[in-house]
Amino acid sequence: MAYVDWEIRGPKIAGCSCDYGCPCEFNGRPSRGYCRGVEAHLIEKGHFGDVPLDGLVVAAWYRWPGAVHEGGGEVQGFIDKRASPEQVEALFKILGGEEQEPTTMFNIYGSTMEKEFDPVFEEISFSCDMAARKGSFRVGDMLRLDIEPIRNPVTGKPHRARIVLPEGFEFSQAEMGSADLNVKVEGLADFGHDKCYGALFHAAYGPRGIIRGAA
């Protein structure tokens, strides 16, 4: 099937309620029985057809009552307020799973969602230093994520670890970090977790999923 030519590339950071490493990445059950977290992606380079997406940031909070594949999830997206109407429409199509294979990340996660709340258009601050395993993003007082290196409990020195998933649908390789996150959206979500799973990786997606080997 022919799809609209599109791609988004750039650093992505995420944190969830699981312990370091996240058993979900190994087909295990979430550490606390449920999954709650946040993520943000800086699109350093991107387009949807003739619509450029360079420099925009997208973010989200999400939660599932059990393992992700069991469904019942809830999600709310946050879109960079600088996006033009044409860019917003393009991002909606990408994040909503349109113009891409059904086995791509956006469609896989989308199939587990029971509720999708109206998106918020807001300024999103974002930083990521992959080599240092440090990253953060903010969406006003609603979303917060801070990632720093995991520390050796005896020496306090940074402990480096990676997850490598050659056939992963979200990433092929990610640096691990220690995440502190907080979500407070009036009437919808109020939760936080400290020293939990954090991931930093270069995300590159197109109509057929991950663009392997992209940097």
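Trainee: Which strand does proline 52 lie in?

Mentor: Proline 52 lies in β4, a strand that covers residues 51-52. Keep in mind that we're looking at a predicted model.

Trainee: What makes two residues a strand?

Mentor: A strand needs at least two residues in a run. β4, with residues 51-52, reaches that count, so the name holds.

Trainee: What does proline 52 touch, not counting residues up to four places away in sequence?

Mentor: Proline 52 touches Gly46, His47 and Gln87. Contact means heavy atoms within 4.5 Å, so each of those three has a heavy atom that close to one of proline 52. Alanine 90 is 38 residues apart from proline 52 in sequence, with 9.2 Å from C-alpha to C-alpha.

Trainee: Which residues of helix α1 are buried?

Mentor: α1 runs through residues 85-95, and Gln87, Val88, Ala90, Leu91 and Ile94 are buried there.

Trainee: How do you know where on the helix those buried residues sit?

Mentor: Look down the axis of α1: the buried residues fall within an arc of 165°, so they line one face of the helix. After α1 comes glycine 97, and its phi is positive, near 90°.

Trainee: What makes a positive phi worth a comment?

Mentor: Most residues other than glycine have a negative phi. Now take glutamate 99, a residue other than glycine with a positive phi near 55°. Glutamate 99 belongs to the loop between α1 and α2, the latter being residues 105-110. Cysteine 22 has a positive phi too, near 60°, and is placed in the loop between β1 and β2.

Trainee: Are cysteine 22 and glutamate 99 buried, partly exposed or exposed?

Mentor: Cysteine 22 has a relative accessible area of 4%, under the 20% cut-off, so cysteine 22 is buried. Glutamate 99 has 29%, which falls between 20% and 50%, so glutamate 99 is partly exposed.

Trainee: Why is serine 17 called buried?

Mentor: Buried means under 20% relative accessible area, and serine 17 has 0%, so the label fits. Serine 17 is in the loop between β1 (6-16) and β2 (35-43). Leaving aside neighbours within four places in sequence, serine 17 is in contact with Arg32, Tyr34, Cys35, Arg36, His193 and Cys196.

Trainee: Where is histidine 193 found?

Mentor: Histidine 193 is in strand β15, residues 189-206. Its relative accessible area is 9%, which is under 20%, so histidine 193 is buried. Apart from residues up to four places away in sequence, histidine 193 touches Ser17, Tyr34, Arg36, Ala179, Asp180 and Leu181.

Trainee: How far apart in space are histidine 193 and alanine 204?

Mentor: They are 27 Å apart, C-alpha to C-alpha, with their positions 11 residues apart in sequence.

Trainee: How do you know whether alanine 40 is buried or exposed?

Mentor: Set its 1% relative accessible area against the 20% limit: 1% is under it, so alanine 40 is buried. Alanine 40 sits in strand β2. Not counting residues up to four places away, alanine 40 touches Pro11, Lys12, Ile13, Val58, Ala59, Phe126 and Phe137. From alanine 40 to proline 11 is 8.6 Å in space, C-alpha to C-alpha, and 29 residues in sequence.

Trainee: What about methionine 105, buried or exposed?

Mentor: Buried: 3% relative accessible area is under 20%, so the call is clear. Methionine 105 is found in helix α2. Beyond residues up to four places away, methionine 105 touches Lys12, Phe169, Glu170 and Tyr205.

Trainee: How many helices and strands does the protein chain have?

Mentor: The chain has two helices and 16 strands. Of its 215 residues, 48% count as buried.

Trainee: How do you know whether the chain agrees with a compact globule?

Mentor: A compact globule of 215 residues would have a radius of gyration near 17 Å, and the chain has 16 Å, so the two agree. The C-alpha atoms fill a box of roughly 55 × 40 × 30 Å along the principal axes.

Trainee: What share of the contacts joins residues 24 or more positions apart?

Mentor: Among contacts with a separation of 6 or more, 64% are between residues 24 or more positions apart.

Trainee: And how many charged side chains are there, positive and negative?

Mentor: The chain has 23 positive and 32 negative side chains, and the centres of the two sets lie 8 Å apart.

Key: Residues are numbered from 1 along each chain as its sequence is written. This is a predicted model: local features need pLDDT of at least 70, side-chain atom pairs count only at pLDDT 80 or more; totals for chains, interfaces and linings use all residues. Side-chain values use heavy atoms; hydrogens and water are left out. Buried means under 20% relative accessible area, exposed over 50%, partly exposed in between (1.4 Å probe, protein chains only). Helices (H or I, at least four residues) and strands (E, at least two) are DSSP runs, numbered from the N terminus. The arc is that of the directions from the helix axis to the C-beta atoms. The radius of gyration is taken over C-alpha atoms; the globule rule is 2.2 Å times the number of residues to the power 0.38. Lys and Arg count as positive and Asp and Glu as negative; His and the chain ends are not counted. The place of a charge is taken as NZ of Lys, CZ of Arg, CG of Asp or CD of Glu.
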